[in-house]
Amino acid sequence: MTIGDVSTVPDRSTVCAVLRAASRAPSVHNTQPWRWVSDGRTLRLYRDDSRQLEVADPSGRQLVISCGAMLHHVRTAFGAAGWHTDVIRMPDPARPEWLATVEFRPWPDPPSGVLARAEAMSRRYTARLPMREPEGWPDLAHRLRLLVSPHEVELDVLDETARPRVVTASEHTAAAQRYDMQYQAELHWWTGHFRPAEGVPPEALTSRSEADRAPIGRAFPTVDHPPRDQGAEDHARVVVLGTDGDTPEHWLRAGEALSAVLLECTAAGQASCALTHLTELPAARRVMSGLAPHPGVPQVVIRIGADSGHRIHPATPRRSVSDFLTVE
């Protein structure tokens, strides 16, 4: 294979189109902490430490999880465009910022599931409002387990009897962070403002009453909204993504699994909300570890359910491809 051979590698316009679609990937506080480099033959993924949450995420774990979600979005979008991707994760131990290298093979007939998840990228949103019980849950949960398994991630569905302890862990986390002025300054920097390319805009946040009815969630700033959920209570199912270790490669794989779960839920017509605050502080992380049926390290908690209403969900802002792609 020669560099730039368009018969065996995607051309530049395809790469840009894929990255534009995949930039809808979720990231903590919508920080979008990734950089990509194209050399005409491969794509290289790097972490962008200038976008790290230094207070909430001092280890960079959530940053790498976010990059893993982008990596899976990219692979899914390339699959739908007719390209199979092979990934080398953490290719150079001496360069921890270099997270992955993506190589390509033509894939003329991708599976229908890949096409459905790629189509779901533009529709996926973070559902912070209360949710109804997810529809078709046993079949959906089975598919989610199959999807995360290749990423060496375990998906545990928490029993309904565990909900009070999850709520308590969420409340304790909020209480511990409420008077941390550095944490609050960082949170308010990224949320509740109109920022044209990043952050969580006001329309993506909840009112006080809505937040009270969905108690398993990060304590974001609240905003005034017209009533949107008719007083519904939250009946979302809660799942935990866990790994057998806690290294950057485990974090990257957890992010890939997170993306697969969120896209499959969207393709199935269900809403979802990834929660990272329950794994930020040691006390809450221990609670989640004790609730999960399988041993391991909890990385992300996810609420999954049916949207409590039929609303239009405005797309949260995204950076332009030129901001995070370098072409060599």
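The crossing of helices H4 and H8 is right-handed, and I should like to begin there, with the note that the model before us is predicted. Helix H4 covers residues 137-148 and helix H8 covers residues 248-267. Their axes come within 9 Å of each other and cross at roughly 150 degrees. Angles over 145 degrees count as roughly antiparallel, so H4 is described as roughly antiparallel to H8.

Which residues of H4 and H8 make this contact? On the H4 side they are Leu-140, Arg-143, Leu-144, Leu-147 and Val-148. On the H8 side they are Ala-257, Ala-260, Val-261, Glu-264 and Cys-265. Divided by class, the residues of this contact comprise eight nonpolar and two charged, with no polar residue.

Helix H8 also meets helix H3, which spans residues 112-120. The axes of H3 and H8 come within 8 Å and cross at roughly 90 degrees. These two helices are therefore roughly perpendicular to each other. From H3, the contact draws on Ala-116, Arg-117 and Ala-120. From H8, it draws on Ala-260, Leu-263, Glu-264, Thr-266 and Ala-267. Five of the residues in the contact of H3 with H8 are nonpolar, one is polar and two are charged. You may wish to look at Ala-260 and Glu-264 on the structure: both belong to the contact of H8 with H4, and both belong to the contact of H8 with H3.

Let us now follow H3 to its contact with another helix. Helix H2, residues 61-80, packs with H3 at an angle of about 120 degrees, and their axes are 8 Å apart. An angle of this kind lies outside the ranges for parallel, antiparallel and perpendicular, which makes H2 oblique to H3. The crossing of H2 and H3 is left-handed. H2 contributes Thr-76, Gly-79 and Ala-80 to the contact, and H3 contributes Val-114, Leu-115, Arg-117 and Ala-118. By class, four residues of the contact of H2 with H3 are nonpolar, two are polar and one is charged. Arg-117 of H3 takes part in the contact with H2 and also in the contact with H8.

I turn next to the protein as a whole. It contains 10 helices and 10 strands. Its C-alpha atoms fill a box of roughly 60 × 40 × 40 Å along the principal axes. What radius of gyration does the protein have? The value is 19 Å, which agrees with the value near 20 Å that a compact globule of 328 residues would have. Of the 328 residues, 56% count as buried. Among contacts between residues at least 6 apart in sequence, 74% join residues at least 24 apart.

Some individual residues deserve attention, and Asp-246 is one that can be found from H8. Asp-246 sits in the loop between strand S7, residues 237-243, and H8. It counts as partly exposed because its relative accessibility is 35%. Beyond its neighbours within four places in sequence, Asp-246 is in contact with Arg-61, Trp-251, Arg-285, Val-297 and Gln-299. Val-297 stands 51 residues away from Asp-246 along the chain, yet their C-alpha atoms are separated by 6.7 Å.

Val-287 belongs to helix H9, which runs over residues 282-291. With 21% relative accessibility, Val-287 counts as partly exposed, since buried means under 20%. Apart from neighbours within four places in sequence, Val-287 is in contact with Arg-165 and Ala-169. Ala-21 is 266 residues away from Val-287 along the chain, and the C-alpha atoms of the two are separated by 36 Å.

I close with two residues chosen for their backbone angles. Most residues other than glycine have a negative phi. Asn-30, although not a glycine, has a positive phi, near 55 degrees. Where is Asn-30 placed? It lies in the loop between helix H1, residues 12-22, and strand S1, residues 34-38. Asn-30 is buried, with a relative accessible area of 7%.

Met-90 likewise is not a glycine and has a positive phi, of about 45 degrees. Met-90 is in the loop between strand S3, residues 83-89, and strand S4, residues 98-106.

Conventions
Residues are numbered from 1 along each chain as its sequence is written. This is a predicted model: local features need pLDDT of at least 70, side-chain atom pairs count only at pLDDT 80 or more; totals for chains, interfaces and linings use all residues. Side-chain values use heavy atoms; hydrogens and water are left out. Axes are lines fitted to C-alpha atoms, for helices over the stretch in contact, and angles run from 0 to 180 degrees between N-to-C directions. Helices (H or I, at least four residues) and strands (E, at least two) are DSSP runs, numbered from the N terminus. Angles under 35 degrees count as roughly parallel, over 145 as roughly antiparallel, 65 to 115 as roughly perpendicular and the rest as oblique. A crossing is left-handed if the near helix is turned anticlockwise from the far one by less than a right angle, and right-handed if clockwise. Contact means heavy atoms within 4.5 Å. Ala, Val, Leu, Ile, Met, Phe, Trp, Tyr, Cys and Pro count as nonpolar, Asp, Glu, Lys and Arg as charged, and the others, Gly among them, as polar. The radius of gyration is taken over C-alpha atoms; the globule rule is 2.2 Å times the number of residues to the power 0.38. Buried means under 20% relative accessible area, exposed over 50%, partly exposed in between (1.4 Å probe, protein chains only).
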